[in-house]
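Visitor: Hey, can you walk me through this one? I'm new to reading structures.
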Amino acid sequence: MSILPIIQPDNPVLRKKAVRVTTFDDKKFQQLIDDMVETLIAAPGVGLAAPQVAVSQRLIVVRLPDASEEDRQEYGPLAGVVHVFANPKIIKASKEMVKGVEGCLSLPGYLGEVERHKSVVVTGQDRQGKDIRIKADGWFARVFQHEIDHLEGVLFTDRTEKVWRSDGDEKDEA
Ligand code: ZN
């Protein structure tokens with residue numbers, strides 16, 4: 001496994017619409033998933049989309065932190081679990097919207113306040129190509145929406161005017 005470089009907006013791949021994953025039984029694809037998970041954990045971040053590592057494919061990995069007792073209390077059984085979604089699609093979204101602060105591994109040092117659906121239902125395929133479906137709520141729902149935006153070439157800064165510089169070392173970037 002290896003840690004992949006995370007690209008920034010000067011690389012046009014980040015702004016491209018990514019293509020569907022059609023082949024799962026492929027060494028390179030499986031390697032990409034392993035590398036993305038390793039890159040996400042090393043960053044550390046909560047979500048990573050393939051375009052962020054310069055691969056224009058519809059693939060995301062999501063992993064909420066589990067480093068501290070506090071994280072485990074906040075995220076419960078979701079803490080630290082790796083979710084791999086190929087071709088993720090939001091099939092249902094709550095009418096209720098919530099504002100929250102987001103960062104992005106491709107825009108290090110910036111935070112913004114973004115309005116997202118409070119909960120979403122996401123379908124897609126797992127790493128073997130089997131159909132999967134998940135209901136995500138709160139922070140977890142926010143990360144899915146952020147990552148799926150990456151597959152359309154959309155960054156969180158496109159969705160808000162409230163962006164500011166952060167000097168802290170964020171662990172919640174996606
Ligand atoms: Zn991001």
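Guide: Sure, starting with two terms. Helices (H or I, at least four residues) and strands (E, at least two) are DSSP runs, numbered from the N terminus. Two strands pair if DSSP finds at least two bridges between them. As for the source, this is a predicted model, where local features need pLDDT of at least 70 and side-chain atom pairs count only at pLDDT 80 or more, while totals for chains, interfaces and linings use all residues. Residues are numbered from 1 along each chain as its sequence is written, and side-chain values use heavy atoms, with hydrogens and water left out.

Visitor: Ok, so what stands opposite Val-120 in strand 6?
Guide: That's Ala-93. Strand 3 (residues 83-93) and strand 6 (residues 119-125) pair in the antiparallel sense, over 5 bridges.

Visitor: In what order do the strands of that open sheet come?
Guide: The order is 1-2-3-6-7, so to speak a row of 5 strands with antiparallel pairing. At the edges you find strand 1 (47-49) and strand 7 (131-137), each pairing on one side only. From one strand to the next, the twist averages 40 degrees; for angles like this, axes are lines fitted to C-alpha atoms, for helices over the stretch in contact, and angles run from 0 to 180 degrees between N-to-C directions.

Visitor: What packs on the sheet?
Guide: Helix 1 (residues 27-42) does, touching strand 1, strand 2 (59-62) and strand 3. Contact here means heavy atoms within 4.5 Å. The direction of helix 1 makes about 35 degrees with that of strand 2.

Visitor: And strand 2, are its faces covered or open?
Guide: Both faces are covered: Leu-59 and Val-61 on one side, Ile-60 and Val-62 on the other, and all are buried. Buried means under 20% relative accessible area, exposed means over 50%, and partly exposed is in between (1.4 Å probe, protein chains only). In a regular strand the side chains alternate between the two faces of the sheet.

Visitor: Who are the partners of Leu-59 and Val-61?
Guide: Leu-59 has Ala-86 in strand 3 as its bridge partner, and Val-61 in strand 2 stands opposite Leu-48. Strand 2 and strand 3 pair over 4 bridges, while strand 1 and strand 2 pair over 3 bridges.

Visitor: Switching topic. What holds the zinc ion?
Guide: Its protein donors are Cys-104 (SG), His-146 (NE2), His-150 (NE2) and Ala-174 (O), lying 2.0 to 2.5 Å from the zinc ion. Donors are N, O and S atoms within 2.8 Å of the metal (3.2 Å for Na, K and Ca), and water is not among the atoms, so sites may look incomplete.

Visitor: What geometry does the site have?
Guide: Tetrahedral, with angles of 87 to 131 degrees among the 4 donor atoms. Four donors count as tetrahedral if all angles lie between 85 and 135 degrees. Ideal angles are 109.5 degrees for four tetrahedral donors.

Visitor: How are the donor residues spaced in sequence?
Guide: The spacing is C-x41-H-x3-H-x23-A. Cys-104 lies in the loop between strand 4 (97-103) and strand 5 (110-117) and Ala-174 in the segment after strand 8 (163-165), so the pair ties together parts that are 70 residues apart in sequence. Cys-104 and Ala-174 are both buried.

Visitor: What do strand 4 and strand 5 form?
Guide: A hairpin, with 6 residues between them, and Gly-109 in the turn has a positive phi of about 90 degrees. The two strands run antiparallel and are joined by 7 bridges. They also belong to an open sheet of 3 strands in the order 4-5-8, where strand 4 and strand 8 are the edge strands.

Visitor: Is Ser-166 buried or exposed?
Guide: Buried, with a relative accessible area of 14%. Not counting residues up to four places away in sequence, Ser-166 touches Gly-109, Tyr-110 and Leu-111.

Visitor: Last one: how far apart are the end C-alpha atoms of helix 3?
Guide: They are 21 Å apart, which agrees with the 20 Å that the 14 residues of helix 3 (residues 138-151) should span at 1.5 Å a residue. The expected span is 1.5 Å times one less than the number of residues. Helix 3 is mostly covered, with 13 of its 14 residues buried.

Notes:
Tetrahedral: all angles 85-135°; square planar, octahedral: opposite > 155°, others 65-115°.
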